[in-house]
Amino acid sequence: MEASLESSVEDPLGNFVRILEKRDGTVLRLQQYGSGGVGCVVWDAAIVLCKYLETPGFSGDGAHMLSRQSVLELGSGTGAVGLMAATLGGEEIEDFPSPPDYILMADCIYYEESLEPLLKTLKDLSGSETCIICCYEQRTMGKNPEIEKKYFELLQLDFDFEKIPLEKHDEEYRSEDIHILYIRKKKSKFPS
């Protein structure tokens with residue numbers, strides 16, 4: 001599950017362009033850097049989410065599901081998911097007069113110290129109708145299983161979620177260790 005690579009000149013720093021071909025034949029050229037922080041990488045979960053957004057199961061027939069919807073992207077390194085959403089008709093959010101229709105996030109479940117701020121951000125920015133789509137790579141080394149467990153413990157305090165079955169992911173861009181979730185804010189319960 002690898003987007004193709006493009007490099008016309010040998011780059012001593014290891015920089016290259018990842019090519020992500022869309023279903024309509026157009027391509028996204030995503031610059032990836034050989035050094036730097038997590039924002040310099042086109043993460044596999046970002047590619048899986050990009051391709052999922054194009055699946056018939058998500059996009060449906062006719063106008064694309066994201067068309068004329070407000071979309072906010074969190075994470076995903078180089079912004080690949082936000083770029084894909086824009087090509088599918090998602091509208092840029094410049095300020096926040098109301099909650100976005102969609103929040104898209106890829107590979108945000110990684111650093112333990114970012115979990116609580118991430119969940120606070122989701123809680124603060126989402127509304128009752130906001131659909132949060134989270135794609136993450138399940139990592140089994142080091143503290144990652146504990147971080148993932150803590151994320152889901154904290155997530156279920158304020159949100160409901162469902163896992164999208166692997167067979168609904170893009171046929172080519174899928175992996176057993178990359179998961180997609182739909183997340184929605186829990187409905188407020190008022191005392192009777």
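# A tour of aromatic pairs, packed helices and two loops

The structure holds six aromatic pairs, and since this is a predicted model, every stop below describes computed geometry.

Begin by selecting Y52 and F58, whose ring centres lie 5.5 Å apart with the planes at 45°, so the pair is tilted. Colour the two residues by accessibility and you will find Y52 buried, with a relative accessible area of 3%, while F58, also buried, has a relative accessible area of 2%.

Keep F58 on screen and add Y102. The centres of the F58 and Y102 rings are 6.1 Å apart and their planes stand at 70°, so this pair is edge-to-face, the term used for planes over 60 degrees apart. The pair links distant parts of the chain, with F58 in helix 2 (residues 56-59) and Y102 in strand 5 (residues 102-106), 44 residues apart. Both F58 and Y102 are buried. Now add Y182 to the selection, and you have the whole of one aromatic cluster, formed by Y52, F58, Y102 and Y182.

From Y52, widen the selection to helix 1 (residues 44-53), which is mostly covered, nine of its ten residues being buried. Y52 is one of these buried residues, and the others are A45, A46, I47, V48, L49, C50, K51 and L53, so that a charged residue type, lysine, appears in the list.Next, select helix 4 (residues 112-125) together with helix 5 (residues 144-158), which pack at an angle of about 20° with their axes 10 Å apart. That angle makes helix 4 roughly parallel to helix 5, because angles under 35 degrees count as such. Their crossing is right-handed. To see the contact itself, show the side chains of E112, L115, E116, L118, L119, L122 and K123 in helix 4, which meet I147, K150, Y151, L154, L155 and D158 in helix 5. The residues of this contact divide into eight nonpolar and five charged, with no polar ones.

Within that contact, centre the view on Y151, which sits in helix 5. Is Y151 buried or exposed? At 0% relative accessibility, Y151 counts as buried. Leaving aside residues up to four places away in sequence, Y151 touches M105, I109, L115, L118, L119, L122, C134 and I183. For one of these neighbours, I109, a distance can be drawn between C-alpha atoms: those of Y151 and I109 are separated by 7.2 Å, although the two residues are 42 apart along the chain.

The last two stops concern the backbone in loops. Select D107, found in the loop between strand 5 and helix 4, where phi is near 50°, a positive value in a residue other than glycine. D107 is buried, with a relative accessible area of 13%.

Finish at R68, placed in the loop between helix 2 and strand 4 (71-75). R68 also has a positive phi, of about 65°, although it is not a glycine. Whereas D107 is buried, R68 is exposed, with a relative accessible area of 66%.

Note on methods
Residues numbered from 1 in each chain as written. Predicted model: local features only at pLDDT ≥ 70, side-chain atom pairs only at ≥ 80, totals over all residues. Heavy atoms only, no water. Axes fitted to C-alpha atoms, helices over the stretch in contact; angles between N-to-C directions. Helix = DSSP H or I, 4+ residues; strand = E, 2+ residues; numbered from the N terminus. Parallel < 35°, antiparallel > 145°, perpendicular 65-115°, else oblique. Left-handed = near helix turned anticlockwise from the far one by under 90°. Contact = heavy atoms within 4.5 Å. Phe/Tyr/Trp six-rings, centres within 6.5 Å; stacked < 30°, edge-to-face > 60°. Buried < 20%, exposed > 50% of the residue type's maximum accessible area, 1.4 Å probe, protein only.
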